[in-house]
Amino acid sequence: MPGGRLTQQDRERIAAGLADKLSYGEIARRLDRPTSTITREIARNGGPTDYRSQQAHQATIQRARRGTPAPPRADTPPDGLMEEELLERAVRAGMPRTAARVHHDLMLSEDGRRTAAELTHRLQVSPASVSVAVNYLLQQGLVRRERDPRRRRDIYVIDDDAWYHAIMISERQTLESARATMAAAETYGLDSPVGRRLAKTAAYLERVSLDIMESADRWRTLLR
């Protein structure tokens, strides 16, 4: 039942979802549960690589009988559940999972800087996966690249203005779409039903994008 305790069948479906490499958010949607519930369940019972439905169910029953909380994992920091929830929200918003992990790792680093080798080691993913993720973040304006001339390597940096640049890039792209839509409206004829519909869409997108860009400029001081 949604909102109640997880059943043995729920845990079997969680294990199956992990085996299929589904995100926590997707598993949660299939079980009609909050993502935070799935995140806690997996973190308490071995993590994504060692989760076993039967053992998880028995451990939960035993803890309930003893009235004791779940034992913390040695490799799970106190804020690990919160971090996983942030990652899942980024993925649900459309960011590729590895890109979300790279972005999150940079955000939480002391100086907001990592080399590709450091990201590969920390996230336990291939150099190719890091390259794809970083290129995505570069295109979105969420990170920038610096060159270390002495060691001939790239350093990826996330600074205070990252979200400002990301917003501006996104809205410029929307403005380009608005102008293309207006051009299509004129081709169909502004007096035609299709032309009027496209023109209204273009006007709306343009006005909203300009407002967002103006607001981003106005509040940029909060990032400094």
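Valine 130 belongs to helix 9, which spans residues 127-140. In this predicted model, valine 130 has a relative accessible area of 1% and is therefore classed as buried, since burial is assigned under 20%. Apart from neighbours within four places in sequence, the contacts of valine 130 are Ala116, Leu119, Thr120 and Val125. One of these partners, alanine 116, is 14 residues away along the chain, yet the two C-alpha atoms are separated by 6.7 Å.

Ala116, Leu119 and Thr120 are partners of valine 130, and the stretch 116-123 is helix 8. An α-helix has 3.6 residues a turn, so residues three or four places apart point the same way. Helix 8 lies across strand 1 and strand 3, and runs at about 90° to strand 1. The loop that leads from helix 8 to helix 9 contains glutamine 124. Its phi is positive, about 55°, although glutamine 124 is not a glycine. With a relative accessible area of 63%, glutamine 124 counts as exposed, because the cut-off for exposure is over 50%.

The strands crossed by helix 8 lead to the sheet. Three strands form an open sheet in the order 1-3-2, with antiparallel pairing. Strand 1 (113-115) and strand 2 (144-148) are the edge strands, each of them pairing on one side only. On average, neighbouring strands of this sheet are turned by 35° against each other, direction ignored. Strand 2 and strand 3, the latter made of residues 153-157, run antiparallel and are joined by five bridges. Within this sheet, arginine 145 stands opposite tyrosine 156 of strand 3. In a regular strand the side chains alternate between the two faces of the sheet. The hairpin of strand 2 and strand 3 has four residues between the strands, and there arginine 152 takes a positive phi near 50°.

A further buried position is found in the loop between helix 6 (80-92) and helix 7 (97-108), where methionine 95 lies. Its relative accessibility is 11%, so methionine 95 counts as buried, the limit being under 20%. When neighbours within four places in sequence are set aside, methionine 95 touches Ala90, Ala100, His103, Tyr136, Leu137 and Leu142. Leucine 137 is 42 residues from methionine 95 along the chain, and their C-alpha atoms are separated by 9.2 Å. Helix 9, at residues 127-140, is thus the element that holds Tyr136 and Leu137, two of the partners of methionine 95.

Towards the N terminus, helix 3 (residues 35-44) is mostly covered, with seven of its 10 residues buried. These buried residues are Thr35, Thr37, Ile38, Thr39, Glu41, Ile42 and Ala43. A positive phi is found on either side of helix 3. In the loop between helix 2 (24-31) and helix 3, aspartate 32 has a phi near 55°, a positive value in a residue other than glycine. Aspartate 32 counts as exposed because its relative accessibility is 52%, above the cut-off of 50%. Just after helix 3, glycine 46 takes a positive phi of about 105°.

The surface of the model also carries a nonpolar patch. Ile167, Tyr204, Val208 and Ile212 form this patch, and together they have about 330 Å² of accessible area. Helix 11 (residues 193-218) supplies the largest share of the patch, three residues. Isoleucine 167, by contrast, is found in helix 10 (residues 162-188). With a relative accessible area of 32%, isoleucine 167 is partly exposed, because this value falls between the cut-offs of 20% and 50%.

These details can now be placed in the chain as a whole. Its secondary structure comprises 11 helices and three strands. Read from the N terminus, the elements follow the order α-α-α-α-α-α-α-β-α-α-β-β-α-α. The chain has 224 residues, of which 36% count as buried. Its accessible surface comes to about 14200 Å², and 53% of that area belongs to carbon and sulfur atoms. Among contacts between residues at least 6 apart in sequence, 55% join residues at least 24 apart.

Notes
Residues numbered from 1 in each chain as written. Predicted model: local features only at pLDDT ≥ 70, side-chain atom pairs only at ≥ 80, totals over all residues. Heavy atoms only, no water. Patch = residues over 30% accessible without salt bridge, like charges linked within 9 Å, V, L, I, M, F, W, Y side chains within 5 Å. Areas by Shrake-Rupley, 256 points an atom, 1.4 Å probe, with all protein chains shown as cover. Salt bridge = Lys/Arg side-chain N within 4 Å of Asp/Glu carboxyl O. Buried < 20%, exposed > 50% of the residue type's maximum accessible area, 1.4 Å probe, protein only. Contact = heavy atoms within 4.5 Å. Pairing = 2+ DSSP bridges. Axes fitted to C-alpha atoms, helices over the stretch in contact; angles between N-to-C directions.
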